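Thanks for sharing this one. I have put my comments as numbered points, so you can follow along with the structure open.

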Amino acid sequence: MLFDEIQIREIRIRNRIVVSPMCQYSAKDGHVTDWHLVHLGKFAQGGAGVVFVEATAVERRGRITHGDTGIWDDAHVAGLKRIADFVRSQGAVPALQLAHAGRKSSMARPWYGNGPLTQADLDRGERPWSIIAPTEQPIDPTWITPRGFEQGDFQVVLEAYRQATRRAHAAGFEILELHAAHGYLLHTFLSPLSNLRNDQYGGSLENRMRFPLEVAEVVRKAW
């Protein structure tokens, strides 16, 4: 059945082969480049059914590294649309993963250590930025300490996901995925190890699930 067509809701997919989101850390201020077009285009040419653009930040502060793709600005739409259009022209379905790195934001690119930014990164002009997470729990004592979510942050981030969804639709993507794993923002709300809140967003499983489900609801409604 691997090469059989499949329909998911209204989307008809030519086979069951899906190219997962794979970060390239090669964007410029969130903008995709020719690298991304060729990288993703070749999978569509090769016959995959669905081709995902990598984890794409819904907020500037939600990038993993300075090289992450972004969708926090309308200016990002044109470059992403170029990719979606080409993927579709080759018979594949263009897809995109919405992401927010949370406390794993403001990191060095993998080939520069894949850890906290160092003086060498600063010398290259890649400076750290302030980050947010459920609570003020860094990944490790050597990493940046995030600011814990305050009440107003929930609506700000929900709006960022809503606007990112609108932009993804405008760019022509037909499938969206929410990144909620690997220690990034939504995952850290779900985990009792990183979510130490004592309000309605922390404690019980139901409370820890609350914000990720609110994000899913906002995205689904906007989509």
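1. Let's start with the largest pocket, keeping in mind that the model is predicted. Which element gives the largest share of the lining of the largest pocket? That is β9, with four residues. Both β9 (175-178) and α6 (205-222) supply at least two lining residues each. The volume of the largest pocket is about 290 Å³, and 13 residues line it, with Arg9, Ile175, Leu176, Arg220 and Trp223 the closest to its centre. By character, the lining of the largest pocket has eight nonpolar residues, five charged ones and no polar ones.

2. Next, the enclosed space. A general reminder: rolling a probe the size of a water molecule over the atoms shows where empty space is left. In this structure there is one cavity of 30 Å³ or more. The elements that contribute two or more residues to the lining of the largest cavity are α1 and β4. Its volume is about 30 Å³, and the residues around the largest cavity are Val19, Ser20, Met22, His39, Leu40, Phe52 and Glu54. Four residues of that lining are nonpolar, two are polar and one is charged.

3. Helix α1 deserves a look of its own. It covers residues 34-45, and its 12 residues should span 16 Å at 1.5 Å a residue; the end C-alpha atoms are 16 Å apart, so the expected span and the model agree. Which residues of α1 are buried? They are His36, Leu37, His39, Leu40, Gly41 and Ala44. As a general point, an α-helix has 3.6 residues a turn, so residues three or four places apart point the same way. The buried residues of α1 pack against β4 (50-57), β5 (69-70) and α2 (77-89). His39 and Leu40, both on the buried list, also appear in the lining of the largest cavity. Just after the helix, Gly47 has a positive phi of about 110°.

4. Now to Gln97, which sits in strand β6 (residues 93-99). Is Gln97 buried or exposed? With a relative accessibility of 8%, Gln97 counts as buried, because the cut-off is under 20%. Its side chain makes a polar contact of 2.7 Å with the side chain of Glu177. Setting aside residues up to four places away in sequence, Gln97 touches Pro21, Phe52, Val53, Glu54, Ala55, Thr56, Glu177 and His179. Two of these names, Phe52 and Glu54, may be familiar from the lining of the largest cavity.

5. Ser105 is another buried residue, at a relative accessible area of 2%, and its place is the loop between β6 and α3 (119-123). What does the side chain of Ser105 reach at 3.2 Å? The partner is the backbone oxygen of Arg63. A polar atom of the Ser105 side chain also lies 2.9 Å from the backbone oxygen of Gly102. Not counting residues up to four places away in sequence, Ser105 touches Arg61, Gly62, Arg63, Ile64, Trp129 and Ile131.

6. Finally, please look at Gly67, in the loop between β4 and β5. Gly67 counts as buried, with 0% relative accessibility. Gly67 and Asp29 are 38 residues apart along the chain, yet their C-alpha atoms are separated by 7.1 Å. Leaving aside neighbours within four places in sequence, Gly67 is in contact with Tyr25, Ser26, Ala27 and Arg109.

Technical notes. Residues numbered from 1 in each chain as written. Predicted model: local features only at pLDDT ≥ 70, side-chain atom pairs only at ≥ 80, totals over all residues. Heavy atoms only, no water. 1 Å grid on protein atoms, 1.4 Å probe; cavity = no way out; pocket = protein on both sides within 12 Å on 5 of 7 lines; lining within 4 Å. Points joined across faces, edges and corners; volume = space filled by probe spheres on them. Nonpolar A, V, L, I, M, F, W, Y, C, P; charged D, E, K, R; others polar. Expected span 1.5 Å × (residues − 1). Buried < 20%, exposed > 50% of the residue type's maximum accessible area, 1.4 Å probe, protein only. Contact = heavy atoms within 4.5 Å. Polar contact = N/O pair within 3.5 Å; in protein donor to acceptor, adjacent residues only side chain to side chain.
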